[in-house]
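Thanks for coming. I will take you through one chain, from the overall fold down to some individual residues.

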Amino acid sequence: MNIGKIAQLAEKPEIYTPGTAVMWTDEYISKQLLQVHLNEEIDLASRKKSTIKTTVEWILNKTPKQTLTILDLGCGPGLYTELLAKKGHKITGVDFSKNSIEFARKRAEKNKHEIEYINANYLELELEENRFDLVMMIYTDFCVLNPEERKQLLFTIKKILKPGGIFIFDVNSDKEIEMKVSPKNWEAANIGFWKKEPYLALSESFIYPEEKVILYQHLVSDENENIDIYRFYTRFFSEKDLKNELIGSGFSTFSFHTDVLPADNLWSGEHVIFCVVHNSK
(Lines give C-alpha, C1' and ligand atoms only; values in the text may rest on other atoms or scores of the structure.)
Protein backbone atom coordinates (compact mmCIF):
# COMPACT_ATOMS: atom_id res chain seq x y z
CA MET A 1 0.00 0.00 0.00
CA ASN A 2 1.35 3.41 -0.97
CA ILE A 3 1.02 5.19 2.37
CA GLY A 4 2.63 8.35 1.04
CA LYS A 5 0.04 8.64 -1.72
CA ILE A 6 -2.81 8.16 0.73
CA ALA A 7 -1.35 10.71 3.13
CA GLN A 8 -1.07 13.25 0.32
CA LEU A 9 -4.64 12.67 -0.86
CA ALA A 10 -5.91 12.94 2.71
CA GLU A 11 -4.62 16.50 3.17
CA LYS A 12 -7.10 19.36 3.49
CA PRO A 13 -7.89 20.59 -0.06
CA GLU A 14 -8.67 24.08 -1.24
CA ILE A 15 -12.34 24.75 -0.61
CA TYR A 16 -14.73 23.32 -3.21
CA THR A 17 -12.04 21.24 -4.88
CA PRO A 18 -14.13 18.35 -6.24
CA GLY A 19 -13.54 14.69 -5.49
CA THR A 20 -12.78 12.10 -8.14
CA ALA A 21 -15.99 10.09 -7.76
CA VAL A 22 -19.73 10.76 -7.36
CA MET A 23 -21.80 8.35 -5.30
CA TRP A 24 -25.21 9.42 -6.69
CA THR A 25 -24.40 8.03 -10.13
CA ASP A 26 -22.39 5.00 -9.00
CA GLU A 27 -24.46 1.91 -9.85
CA TYR A 28 -23.55 0.07 -6.63
CA ILE A 29 -23.47 2.90 -4.08
CA SER A 30 -26.69 4.47 -5.34
CA LYS A 31 -28.48 1.21 -4.55
CA GLN A 32 -27.15 1.36 -0.98
CA LEU A 33 -28.33 4.96 -0.74
CA LEU A 34 -31.79 3.98 -1.90
CA GLN A 35 -32.10 1.46 0.92
CA VAL A 36 -31.08 4.13 3.43
CA HIS A 37 -33.67 6.49 1.92
CA LEU A 38 -36.37 3.90 2.43
CA ASN A 39 -35.56 3.22 6.09
CA GLU A 40 -38.44 5.02 7.80
CA GLU A 41 -36.90 4.93 11.27
CA ILE A 42 -33.72 6.97 10.75
CA ASP A 43 -32.74 10.51 9.73
CA LEU A 44 -29.96 9.81 7.25
CA ALA A 45 -30.51 9.89 3.48
CA SER A 46 -34.06 11.03 4.27
CA ARG A 47 -35.88 12.04 7.43
CA LYS A 48 -38.12 9.71 9.39
CA LYS A 49 -41.54 8.96 7.94
CA SER A 50 -43.32 10.75 10.79
CA THR A 51 -41.17 13.85 10.26
CA ILE A 52 -41.79 13.81 6.51
CA LYS A 53 -45.56 13.73 7.08
CA THR A 54 -45.52 16.69 9.49
CA THR A 55 -43.18 18.61 7.16
CA VAL A 56 -45.55 18.13 4.20
CA GLU A 57 -48.45 19.42 6.31
CA TRP A 58 -46.37 22.41 7.41
CA ILE A 59 -45.42 23.21 3.80
CA LEU A 60 -49.01 23.02 2.57
CA ASN A 61 -50.16 25.29 5.39
CA LYS A 62 -47.81 27.95 3.99
CA THR A 63 -49.50 27.92 0.59
CA PRO A 64 -52.84 29.68 -0.05
CA LYS A 65 -54.11 27.58 -2.98
CA GLN A 66 -56.05 24.34 -2.59
CA THR A 67 -54.53 22.61 -5.63
CA LEU A 68 -50.90 23.27 -6.48
CA THR A 69 -48.46 22.66 -9.30
CA ILE A 70 -45.35 21.57 -7.36
CA LEU A 71 -41.70 20.94 -8.25
CA ASP A 72 -39.68 18.84 -5.78
CA LEU A 73 -35.94 19.28 -6.35
CA GLY A 74 -33.84 16.37 -5.09
CA CYS A 75 -36.96 14.23 -4.70
CA GLY A 76 -35.10 10.96 -4.12
CA PRO A 77 -37.42 7.92 -4.22
CA GLY A 78 -40.53 10.10 -3.96
CA LEU A 79 -41.15 10.19 -0.21
CA TYR A 80 -42.61 13.72 -0.34
CA THR A 81 -44.07 13.59 -3.82
CA GLU A 82 -46.22 10.55 -3.01
CA LEU A 83 -47.79 12.30 -0.02
CA LEU A 84 -48.44 15.43 -2.07
CA ALA A 85 -49.97 13.44 -4.94
CA LYS A 86 -52.36 11.75 -2.50
CA LYS A 87 -53.67 15.21 -1.64
CA GLY A 88 -54.47 15.94 -5.28
CA HIS A 89 -51.57 18.19 -6.24
CA LYS A 90 -49.81 18.08 -9.63
CA ILE A 91 -46.23 17.01 -8.95
CA THR A 92 -42.92 17.00 -10.79
CA GLY A 93 -39.93 15.40 -9.06
CA VAL A 94 -36.28 15.76 -10.09
CA ASP A 95 -33.31 13.75 -8.85
CA PHE A 96 -29.75 12.97 -9.91
CA SER A 97 -29.98 9.28 -8.92
CA LYS A 98 -31.29 6.97 -11.64
CA ASN A 99 -32.08 4.24 -9.10
CA SER A 100 -34.13 6.59 -6.94
CA ILE A 101 -36.11 7.92 -9.91
CA GLU A 102 -36.79 4.42 -11.23
CA PHE A 103 -38.06 3.37 -7.80
CA ALA A 104 -40.25 6.49 -7.57
CA ARG A 105 -41.74 5.89 -11.03
CA LYS A 106 -42.61 2.28 -10.22
CA ARG A 107 -44.25 3.24 -6.95
CA ALA A 108 -46.24 6.03 -8.61
CA GLU A 109 -47.46 3.58 -11.24
CA LYS A 110 -48.39 1.05 -8.56
CA ASN A 111 -50.30 3.67 -6.56
CA LYS A 112 -51.86 5.14 -9.73
CA HIS A 113 -50.37 8.58 -9.09
CA GLU A 114 -49.68 10.80 -12.09
CA ILE A 115 -46.30 12.18 -11.04
CA GLU A 116 -43.75 13.39 -13.57
CA TYR A 117 -40.26 12.24 -12.61
CA ILE A 118 -37.10 13.60 -14.25
CA ASN A 119 -33.69 11.99 -13.84
CA ALA A 120 -31.40 15.01 -14.09
CA ASN A 121 -29.13 17.41 -12.30
CA TYR A 122 -31.52 20.16 -11.21
CA LEU A 123 -28.84 22.77 -11.87
CA GLU A 124 -29.12 21.90 -15.57
CA LEU A 125 -32.92 21.90 -15.82
CA GLU A 126 -34.65 23.89 -18.52
CA LEU A 127 -38.31 24.33 -17.56
CA GLU A 128 -40.88 26.77 -18.85
CA GLU A 129 -41.29 30.08 -17.04
CA ASN A 130 -44.12 30.75 -14.59
CA ARG A 131 -45.00 27.05 -14.33
CA PHE A 132 -45.05 26.23 -10.60
CA ASP A 133 -47.05 27.43 -7.61
CA LEU A 134 -44.54 25.83 -5.26
CA VAL A 135 -40.91 24.76 -5.61
CA MET A 136 -39.52 22.78 -2.69
CA MET A 137 -36.04 21.49 -1.89
CA ILE A 138 -36.01 19.65 1.42
CA TYR A 139 -33.28 17.97 3.50
CA THR A 140 -30.70 20.74 3.24
CA ASP A 141 -29.75 20.20 -0.43
CA PHE A 142 -29.14 23.94 -0.72
CA CYS A 143 -26.18 23.55 1.66
CA VAL A 144 -24.19 21.24 -0.64
CA LEU A 145 -24.06 23.76 -3.48
CA ASN A 146 -21.15 26.13 -3.96
CA PRO A 147 -21.83 29.90 -4.11
CA GLU A 148 -22.17 30.05 -7.90
CA GLU A 149 -24.48 27.03 -7.95
CA ARG A 150 -26.71 28.57 -5.27
CA LYS A 151 -26.92 31.80 -7.27
CA GLN A 152 -27.74 29.86 -10.45
CA LEU A 153 -30.41 27.80 -8.67
CA LEU A 154 -32.14 30.84 -7.17
CA PHE A 155 -32.18 32.52 -10.58
CA THR A 156 -33.80 29.44 -12.12
CA ILE A 157 -36.38 29.14 -9.36
CA LYS A 158 -37.39 32.79 -9.67
CA LYS A 159 -37.93 32.23 -13.38
CA ILE A 160 -40.03 29.06 -13.14
CA LEU A 161 -42.22 30.18 -10.21
CA LYS A 162 -45.58 31.72 -11.02
CA PRO A 163 -46.17 35.30 -9.85
CA GLY A 164 -47.01 34.88 -6.16
CA GLY A 165 -45.45 31.41 -6.14
CA ILE A 166 -43.49 30.11 -3.17
CA PHE A 167 -40.07 28.47 -2.79
CA ILE A 168 -39.59 26.46 0.42
CA PHE A 169 -36.22 24.99 1.38
CA ASP A 170 -34.25 24.17 4.50
CA VAL A 171 -30.61 24.65 5.50
CA ASN A 172 -28.27 23.70 8.31
CA SER A 173 -27.92 26.47 10.88
CA ASP A 174 -24.45 27.74 11.81
CA LYS A 175 -25.26 27.18 15.50
CA GLU A 176 -22.46 25.16 17.12
CA ILE A 177 -20.84 24.54 13.74
CA GLU A 178 -17.63 23.23 15.35
CA MET A 179 -19.65 20.40 16.91
CA LYS A 180 -20.65 19.21 13.44
CA VAL A 181 -17.13 18.24 12.38
CA SER A 182 -16.83 14.44 12.25
CA PRO A 183 -13.76 12.75 13.77
CA LYS A 184 -11.33 10.67 11.73
CA ASN A 185 -12.38 7.07 11.26
CA TRP A 186 -11.66 4.11 9.02
CA GLU A 187 -13.40 0.98 7.78
CA ALA A 188 -12.03 -2.22 6.25
CA ALA A 189 -14.65 -4.50 4.74
CA ASN A 190 -15.04 -7.38 2.30
CA ILE A 191 -18.31 -5.86 1.15
CA GLY A 192 -20.10 -2.78 2.42
CA PHE A 193 -21.58 0.61 1.62
CA TRP A 194 -18.80 1.77 -0.70
CA LYS A 195 -18.01 -1.37 -2.72
CA LYS A 196 -19.15 -4.95 -3.30
CA GLU A 197 -15.53 -6.11 -3.09
CA PRO A 198 -12.88 -5.60 -0.36
CA TYR A 199 -12.03 -1.97 0.37
CA LEU A 200 -10.48 0.37 2.90
CA ALA A 201 -12.30 3.65 3.61
CA LEU A 202 -10.63 6.56 5.42
CA SER A 203 -12.97 9.36 6.49
CA GLU A 204 -12.21 12.82 7.86
CA SER A 205 -13.77 16.29 8.07
CA PHE A 206 -12.24 19.72 7.52
CA ILE A 207 -13.75 23.03 8.54
CA TYR A 208 -13.38 26.30 6.63
CA PRO A 209 -14.50 28.70 9.35
CA GLU A 210 -14.52 31.93 7.33
CA GLU A 211 -16.83 30.40 4.70
CA LYS A 212 -18.87 28.42 7.28
CA VAL A 213 -18.22 25.23 5.31
CA ILE A 214 -17.37 21.71 6.45
CA LEU A 215 -15.93 19.15 4.05
CA TYR A 216 -16.83 15.53 4.76
CA GLN A 217 -14.21 13.52 2.85
CA HIS A 218 -13.92 9.78 2.20
CA LEU A 219 -10.96 8.04 0.55
CA VAL A 220 -11.94 4.57 -0.65
CA SER A 221 -9.19 2.19 -1.83
CA ASP A 222 -9.70 -1.20 -3.46
CA GLU A 223 -7.28 -4.16 -3.40
CA ASN A 224 -5.48 -2.80 -6.48
CA GLU A 225 -4.84 0.50 -4.64
CA ASN A 226 -7.22 2.45 -6.87
CA ILE A 227 -8.45 5.32 -4.71
CA ASP A 228 -11.76 7.10 -5.12
CA ILE A 229 -12.18 10.45 -3.36
CA TYR A 230 -15.69 11.44 -2.29
CA ARG A 231 -16.05 15.04 -1.11
CA PHE A 232 -19.21 16.51 0.37
CA TYR A 233 -19.04 20.23 1.14
CA THR A 234 -21.74 21.56 3.46
CA ARG A 235 -22.42 25.26 3.97
CA PHE A 236 -23.95 26.37 7.29
CA PHE A 237 -26.11 29.50 7.42
CA SER A 238 -27.36 32.20 9.73
CA GLU A 239 -30.62 33.97 8.90
CA LYS A 240 -28.53 37.00 7.89
CA ASP A 241 -26.55 34.85 5.43
CA LEU A 242 -29.77 33.61 3.86
CA LYS A 243 -31.25 37.08 3.67
CA ASN A 244 -28.18 38.36 1.80
CA GLU A 245 -28.30 35.53 -0.76
CA LEU A 246 -32.04 35.85 -1.34
CA ILE A 247 -31.96 39.64 -1.74
CA GLY A 248 -28.96 39.29 -4.04
CA SER A 249 -31.05 37.00 -6.26
CA GLY A 250 -33.99 39.38 -6.49
CA PHE A 251 -36.26 38.02 -3.76
CA SER A 252 -37.63 40.53 -1.27
CA THR A 253 -40.29 38.70 0.74
CA PHE A 254 -39.31 35.72 2.88
CA SER A 255 -39.49 34.29 6.39
CA PHE A 256 -37.38 31.90 8.46
CA HIS A 257 -38.58 29.14 10.78
CA THR A 258 -36.66 27.00 13.27
CA ASP A 259 -39.58 25.15 14.86
CA VAL A 260 -40.49 22.75 12.05
CA LEU A 261 -38.47 19.68 13.08
CA PRO A 262 -38.32 17.87 16.42
CA ALA A 263 -35.27 18.82 18.49
CA ASP A 264 -33.50 15.45 18.36
CA ASN A 265 -29.86 16.36 17.74
CA LEU A 266 -27.42 18.82 16.10
CA TRP A 267 -29.06 18.16 12.71
CA SER A 268 -32.63 18.85 13.74
CA GLY A 269 -34.81 21.26 15.70
CA GLU A 270 -33.38 24.78 15.85
CA HIS A 271 -30.30 23.58 13.97
CA VAL A 272 -32.33 23.52 10.74
CA ILE A 273 -33.77 26.73 9.28
CA PHE A 274 -36.76 26.46 6.95
CA CYS A 275 -37.09 29.32 4.46
CA VAL A 276 -40.39 30.40 2.88
CA VAL A 277 -39.68 32.67 -0.10
CA HIS A 278 -42.40 34.49 -2.03
CA ASN A 279 -42.00 35.37 -5.69
CA SER A 280 -43.35 38.88 -6.07
CA LYS A 281 -42.57 39.39 -9.77
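Start with the contacts: of those in the chain with a separation of 6 or more, 65% are between residues 24 or more positions apart. Keep in mind that this is a predicted model.

The chain has seven helices and 11 strands. Its C-alpha trace spans about 60 × 45 × 35 Å along the principal axes. The radius of gyration is 19 Å, which agrees with the value near 19 Å for a compact globule of 281 residues. Of those 281 residues, 50% are buried. The exposed area of the chain is about 14300 Å², and carbon and sulfur atoms supply 50% of that.

Now the charged pairs. Side chains of opposite charge can pair when their charged atoms come close. How many salt bridges does the structure hold? The structure holds 12, and I will go through some of them.

Take Glu57 and Lys87, whose side chains meet at 2.8 Å, N to O. Glu57 sits in helix H3, residues 49-61, while Lys87 is in the loop between helix H4 (79-86) and strand E2 (90-95), so this salt bridge ties together parts that are 30 residues apart in sequence. Is Glu57 buried or exposed? Glu57 is partly exposed, with a relative accessible area of 35%. Lys87 is partly exposed too, at 40%.

Next, Arg150 and Glu245, which form a salt bridge at 2.8 Å, N to O. Here the linked parts are distant: Arg150 belongs to helix H6 and Glu245 to helix H7, residues 239-248, and the two are 95 residues apart. Arg150 counts as buried, because its relative accessibility is 3% and the cut-off for buried is under 20%.

Then there is Lys195 with Asp228, a salt bridge at 3.2 Å, N to O. This pair also links distant parts of the chain, with Lys195 in the loop between E6 and strand E7 (199-208), Asp228 in strand E9 (residues 227-235), and their positions 33 residues apart. Lys195 counts as buried at 13% relative accessibility, whereas Asp228, at 23%, counts as partly exposed. Beyond these pairs, salt bridges that share partners join Asp174, Lys212, Arg235 and Asp241 into one network.

On to the backbone. Most residues other than glycine have a negative phi. Which residue has a positive phi of about 55° although it is not a glycine? That is Thr140, in the loop between strand E4 (132-137) and helix H6 (147-160). Thr140 is buried, with a relative accessible area of 13%.

Glu176 is another non-glycine residue with a positive phi, near 50°. Glu176 is also in a loop, the one between strand E5 (161-172) and strand E6 (185-189). At 42% relative accessibility, Glu176 counts as partly exposed.

Last, the surface. Which residues form a nonpolar patch there? The patch consists of Val22, Trp24 and Phe96, which together have about 260 Å² of accessible area. Val22 is in the loop between helix H1 (3-9) and helix H2 (27-37). Its relative accessibility is 42%, so Val22 counts as partly exposed.

To recap, the predicted model has a radius of gyration that agrees with a compact globule, holds 12 salt bridges, and carries a nonpolar surface patch formed by Val22, Trp24 and Phe96.

Key. Residues numbered from 1 in each chain as written. Predicted model: local features only at pLDDT ≥ 70, side-chain atom pairs only at ≥ 80, totals over all residues. Heavy atoms only, no water. Patch = residues over 30% accessible without salt bridge, like charges linked within 9 Å, V, L, I, M, F, W, Y side chains within 5 Å. Areas by Shrake-Rupley, 256 points an atom, 1.4 Å probe, with all protein chains shown as cover. Salt bridge = Lys/Arg side-chain N within 4 Å of Asp/Glu carboxyl O. Helix = DSSP H or I, 4+ residues; strand = E, 2+ residues; numbered from the N terminus. Buried < 20%, exposed > 50% of the residue type's maximum accessible area, 1.4 Å probe, protein only. Rg over C-alpha atoms; globule rule 2.2 N^0.38 Å. Contact = heavy atoms within 4.5 Å.
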